[in-house]
Amino acid sequence: RLAREHLEFWIANKILSEPQIARMADVTLTADILIAMIEGIKSKKQLKGYYDKYEKTFTEDVEVLESRFKRTISDFDNIFGSKLRTSEFRRVPLFYSLFTALHHLRYGLPSLEQPKLGDIEWNYSRIESALESVEEVVLTEDKRSLGPEQAKFLESTRLATTDAAVRVRRATYILAQITPQQ
């Protein structure tokens, strides 16, 4: 249901195409994100195991999960407006990583250690600017021009993009870029 409620968001922002949605990619992406919200960032290969686990017993508060999911989608709208559809963050691996990073900043995620900000007033324009720098790294053609962390991040956007460790690396890098420095 949550995937279907965001059908227009997926299509308008070019995160998923209509043929992908016909193959239930929206349901898979939403489930993958919900698993991260509950269990922490996991490999996409583990998704079926979580379907099996939660099919029998699901003790999570569905209303809280839905509210947090929708709030994080709202953060995307506040950061990008209509620009998400032309951003590299529309690509599913980067969308997933940014979603988990934003969700962690507000609510926390079990697999990420960075401090969360909670509901303090977010500076969306500062976050957008930081994400533009992240996007520049993603678009870099010659990784020799990058620092070691940037090069690792760039590699994590291209290889084994659904492995848990790679997903954590991407989310951690994004968090480091968008979190206000103390």
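This passage describes a helix packing contact, the aromatic pairs, two charge-over-ring contacts and two residues with positive phi in a predicted model.

Helix α8, spanning residues 124-138, packs against helix α9, which covers residues 148-156, with the two axes 9 Å apart and at an angle of about 70 degrees. Because an angle of 65 to 115 degrees counts as roughly perpendicular, α8 and α9 are described as roughly perpendicular to each other. On the α8 side the contact is made by V134, V137 and V138, which meet Q150, F153 and L154 of α9. Classified by residue type, this contact of α8 with α9 comprises five nonpolar residues and one polar residue, with no charged residues.

A search for aromatic pairs across the whole structure returns 14 of them. One of these joins F9 and F95, whose ring centres are 6.1 Å apart and whose planes stand at 55 degrees, so that the pair is classed as tilted. Since F9 belongs to helix α2 (residues 7-12) and F95 to helix α7 (residues 92-107), the pair ties together parts of the chain that are 86 residues apart in sequence. Both F9 and F95 are buried. A tilted geometry is also found for the aromatic pair of F80 and F89, with 5.9 Å from centre to centre and 45 degrees between the planes. Burial is assigned to residues under 20% relative accessible area; F80, at 8% relative accessibility, therefore counts as buried, and F89 is likewise buried, with a relative accessible area of 1%. These four phenylalanines belong to a cluster in which ring pairs link F9, W10, F69, F76, F80, F89, F95 and F99.

Aromatic rings also take part in contacts with arginine side chains. The charged end of R106 sits over the ring of W122, at 4.0 Å from the ring centre, while R167 lies over the face of Y96, 3.8 Å from the centre of that ring.

Backbone geometry was examined with the following background in mind: most residues other than glycine have a negative phi. K14, which is not a glycine, nevertheless has a positive phi of about 60 degrees. This residue lies in the loop between α2 and α3, and its relative accessibility of 47% means that K14 counts as partly exposed. M24 likewise is a residue other than glycine with a positive phi, here near 70 degrees. The position of M24 is in the loop between α3 and α4, and at 41% relative accessibility M24 counts as partly exposed.

Notes: Residues are numbered from 1 along each chain as its sequence is written. This is a predicted model: local features need pLDDT of at least 70, side-chain atom pairs count only at pLDDT 80 or more; totals for chains, interfaces and linings use all residues. Side-chain values use heavy atoms; hydrogens and water are left out. Axes are lines fitted to C-alpha atoms, for helices over the stretch in contact, and angles run from 0 to 180 degrees between N-to-C directions. Helices (H or I, at least four residues) and strands (E, at least two) are DSSP runs, numbered from the N terminus. Angles under 35 degrees count as roughly parallel, over 145 as roughly antiparallel, 65 to 115 as roughly perpendicular and the rest as oblique. Contact means heavy atoms within 4.5 Å. Ala, Val, Leu, Ile, Met, Phe, Trp, Tyr, Cys and Pro count as nonpolar, Asp, Glu, Lys and Arg as charged, and the others, Gly among them, as polar. Rings of Phe, Tyr and Trp (its six-membered ring) pair if their centres lie within 6.5 Å; planes under 30 degrees apart count as stacked, over 60 as edge-to-face and the rest as tilted. Buried means under 20% relative accessible area, exposed over 50%, partly exposed in between (1.4 Å probe, protein chains only). A charge sits over a ring if NZ of Lys or CZ of Arg is within 6 Å of the ring centre and within 35 degrees of the ring normal.
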